[in-house]
Amino acid sequence: MKIFVTGAKGMLGSDVMKELHKRGHECIGSDLGASAPYIGLDITDREAVRKTIIGLRPDAVIHCAAWTAVDMAEDADNADMVRAVNAEGTQNIADACRETDCRMLYLSTDYVFGGMGKEPWKPDCRDFNPLNVYGRTKLEGELAVSGTLEKYFIVRTAWVFGLDGSNFIRTMINVGKTHDEVRVVNDQIGTPTYTSDLARLLADMCGTEKYGYYHATNEGGYISWYDLCCEAYRQYGLTTRVIPVSTEEYGLSKAARPLNSRLDKSKLTENGFMPLPPWQDAVGRYLREAKL
């Protein structure tokens, strides 16, 4: 298969590229301002997107490019650019996919939901109520894809960590090395996702026609950020004291965060896709591979 990957130099995109190469696919990656072997592409430039995808004629597009700086998205000066990237840029990709009749896989987020209650969100739930600019613009991206295409996958994930770029585990390990104690939120509940594992699933999906909405995180049960920090410290061998605090007590964040990030992933196995490994195992592999 020929697969075009946007955001190919990002945390998830880089692992998607590695996975596709490993499987022998012809994969072409793009990113903003990238140089060879990547294609430099600004997804907010409608004509550039059209020209690129029509020129490549891929079998599938995996759209990883996004504005993911959640707190910075709340700044008024950034609002137009966040929407241009997450919503309008996604519409540009979807329009080009429709013109070339290729399938599209769009990465979305648990942040499209309001994050209330304790029941896991189902993939086909339409009870949207995003709490922040990032969530609202990612939802607009979802609607652009589903309203434009028939051959699409929309995959929502949460609490992503990977080798390329900053993430919660890397940050907390670094803080734990220099502090006797840390405060970590314990009332936001979800499941982490290792980009290496998610990339495998996305590659699997692109080889099928089992279109629709899916949720994908690692297995192993629902936890809090506090639980994740404690497990990362245990596996790494840090004795730093971890103090659980509520989101309200922690403060600091500009963007509101959902308390309920539980995602129901049962649709994956129902459609024959292999679930991601347990998050505890993923944390261990990440710590070894990242060599923190």
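Two rings of Phe, Tyr or Trp (for Trp, the six-membered ring) count as an aromatic pair if their centres lie within 6.5 Å. By that rule, the structure above holds 11 aromatic pairs. Keep in mind that this is a predicted model. A search of the whole structure also turns up 22 salt bridges. Here's a quick tour, starting with the rings.

**Aromatic rings**

- Take Phe113 and Trp121: their ring centres are 4.6 Å apart and their planes sit at 0°, so this pair is stacked.
- Phe113 and Trp121 are both buried.
- Phe128 joins in too, forming one aromatic cluster with Phe113 and Trp121.
- Now look at Trp159 and Trp225, with ring centres 3.9 Å apart and planes at 20°, so they are stacked as well.
- Trp159 is in the loop between strand S6 (152-157) and S7, while Trp225 is in helix H7 (residues 225-236), so the pair ties together parts that are 66 residues apart in sequence.
- Trp159 and Trp225 are both buried.

**Charges over rings**

- Lys210 lies over the face of Phe273, 5.7 Å from the ring centre.
- Over at Tyr214, the charged end of Lys267 sits above the ring, 5.1 Å from its centre.

**Strand S4 and its neighbours**

- In a regular strand, side chains alternate between the two faces of the sheet.
- You can spot this in strand S4 (residues 60-63), where Ala60 and Ile62 point one way and Val61 and His63 the other.
- All four of these residues are buried.
- Strand S1 (residues 2-6) pairs with S4 in the parallel sense, over four bridges.
- Ile3 has Ala60 as its bridge partner in S4.
- S4 is also joined by four bridges to strand S5 (residues 103-109), and these two run parallel.
- For Ile62, the bridge partner in S5 is Leu105.
- To get from S4 to S5, the chain crosses through helix H3 (residues 79-100), and this β-α-β crossover is right-handed.

**Salt bridges**

- Asp164 and Lys18 meet through their side chains in a salt bridge, at 4.0 Å from N to O.
- Asp164 is in the loop between strand S7 (160-161) and helix H5 (168-178), and Lys18 is in helix H1 (residues 11-22), so this pair ties together parts that are 146 residues apart in sequence.
- Asp164 counts as partly exposed because its relative accessibility is 32%, and Lys18 is partly exposed too, at 45%.
- Arg46 forms a salt bridge with Asp95, and their closest N and O atoms are 2.7 Å apart.
- That contact links helix H2 (residues 46-56), home of Arg46, to helix H3, home of Asp95, with the two positions 49 residues apart in sequence.
- Is each partner buried or partly exposed? Arg46 is partly exposed, with a relative accessible area of 46%, whereas Asp95 is buried, at 12%.
- Helix H3 shows up again with Arg83, whose side chain meets that of Glu140 in a salt bridge (2.9 Å, N to O).
- Glu140 belongs to helix H4 (residues 133-148), 57 residues away from Arg83 along the chain.
- Arg83 has a relative accessible area of 30%, so it is partly exposed, and Glu140 is partly exposed at 30%.
- Finally, Glu19, Lys22, Arg23, Arg200 and Asp204 are joined into one network by salt bridges that share partners.

Conventions: Residues numbered from 1 in each chain as written. Predicted model: local features only at pLDDT ≥ 70, side-chain atom pairs only at ≥ 80, totals over all residues. Heavy atoms only, no water. Buried < 20%, exposed > 50% of the residue type's maximum accessible area, 1.4 Å probe, protein only. Pairing = 2+ DSSP bridges. Right-handed = clockwise from strand over helix to strand, strands pointing away. Phe/Tyr/Trp six-rings, centres within 6.5 Å; stacked < 30°, edge-to-face > 60°. Lys NZ or Arg CZ within 6 Å of the ring centre and 35° of its normal.
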